[in-house]
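Reader: Please present the structure, and then let us discuss the surroundings of its ligand.

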Amino acid sequence: MAKLLVLHGPNLNLLGSREPEIYGRATLADIDAGLAAQAAAAGHALSSLQSNAEHELVDRVQAARDDGTGFILINPAAFTHTSVALRDALAAVALPFIEIHLSNPHSREPFRHHSYFSDLAVGVVCGFGADSYRYALDAALQRLAGSAAA
Ligand SMILES: O=C(O)[C@]1(O)C=C(c2cccc(Sc3ccccc3)c2)[C@@H](O)[C@H](O)C1
């Protein structure tokens with residue numbers, strides 16, 4: 001059994017309340033419940049954290065190095081475009097991670113076109129609303145199954 005960690009960046013706790021045309025209507029609780037069920041069905045454990053504080057996300061990434069976490073899924077939200085600190089934490093722990101976005105940042109304002117994470121990520125899933133998380137988890141589970149088989 002693998003342990004997967006899902007991290008949600010700032011303002012995602014407000015998901016479902018505004019701008020459904022951009023971010024969809026699912027709440028973060030809906031997303032987390034679906035991911036936990038998806039992971040459990042594959043025999044794995046999943047935990048999640050949402051924070052508006054950069055240091056809390058950095059601290060959680062650092063803790064993942066020593067708590068048995070095997071894969072990280074992260075939607076950095078606005079920190080995608082600003083946080084060298086969170087990037088450095090992910091690089092430091094050297095755990096595989098997938099970058100997730102509900103929207104397609106590349107189709108939005110120019111400042112959203114750069115990510116501090118994409119070059120380090122196993123992959124990036126964006127533009128599919130809440131399904132971006134589901135697709136990313138499926139990819140992570142496939143990767144974990146492959147490494148277990150190897
Ligand atoms: O598309 C995403 O998931 C993204 O990571 C999420 C973002 C984001 C931005 C503002 C608010 C929220 S969450 C939200 C959405 C609607 C209403 C309230 C909060 C996410 C952006 O900062 C990023 O550029 C893109």
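**The ligand and its surroundings**

Author: In this predicted model, 14 residues surround the ligand. The closest are N75, H81, H101, L102 and S103.

Reader: How many nonpolar, polar and charged residues does the shell around the ligand have?

Author: The shell is made up of 14 residues. Divided by class, these are seven nonpolar, five polar and two charged residues.

Reader: At what distance from an oxygen atom of the ligand does a polar side-chain atom of S103 lie?

Author: Polar contacts are counted here for N or O atoms within 3.5 Å. The side chain of H101 has an N or O atom 2.8 Å from a ligand oxygen, and for the side chain of R112 the corresponding distance is 2.9 Å. For the polar side-chain atom of S103, the distance to a ligand oxygen is 2.6 Å.

Reader: What percentage of the ligand's accessible area does the protein cover?

Author: H101 has a side-chain N or O atom 2.8 Å from an oxygen atom of the ligand. On its own, the ligand has 540 Å² of accessible area, and the share covered by the protein is 94%.

Reader: In which pocket does the ligand sit, and which residues of the UniProt "active site" annotation are in its lining?

Author: The ligand occupies the largest pocket. The "active site" annotation, from an unreviewed UniProt entry, covers Y23 and H101. These residues span 79 residues in sequence, but their C-alpha atoms are no more than 9.0 Å apart, so they gather at one spot. The lining of the largest pocket includes, from this set, Y23 and H101.

Reader: Which residues of the UniProt "binding site" annotation does the lining of the largest pocket take in?

Author: The unreviewed UniProt entry lists N75, H81, D88, L102, S103 and R112 as "binding site". They are spread over 38 residues of sequence and also in space, with up to 24.1 Å between C-alpha atoms. From this set, the pocket lining takes in N75, H81, L102, S103 and R112.

Reader: In which helices do Y23 and D88 lie?

Author: Y23 belongs to helix α1, which comprises residues 20-23. D88 has its place within residues 84-93, which form helix α4.

Definitions and conventions
Residues numbered from 1 in each chain as written. Predicted model: local features only at pLDDT ≥ 70, side-chain atom pairs only at ≥ 80, totals over all residues. Heavy atoms only, no water. Near = heavy atom within 4 Å. Polar contact = N/O pair within 3.5 Å; in protein donor to acceptor, adjacent residues only side chain to side chain. Areas by Shrake-Rupley, 256 points an atom, 1.4 Å probe, with all protein chains shown as cover. 1 Å grid on protein atoms, 1.4 Å probe; cavity = no way out; pocket = protein on both sides within 12 Å on 5 of 7 lines; lining within 4 Å. Sits in = over half its atoms within 2 Å of the grid points. Nonpolar A, V, L, I, M, F, W, Y, C, P; charged D, E, K, R; others polar. UniProt positions renumbered as here; feature names shortened; annotations may be inferred. Helix = DSSP H or I, 4+ residues; strand = E, 2+ residues; numbered from the N terminus.
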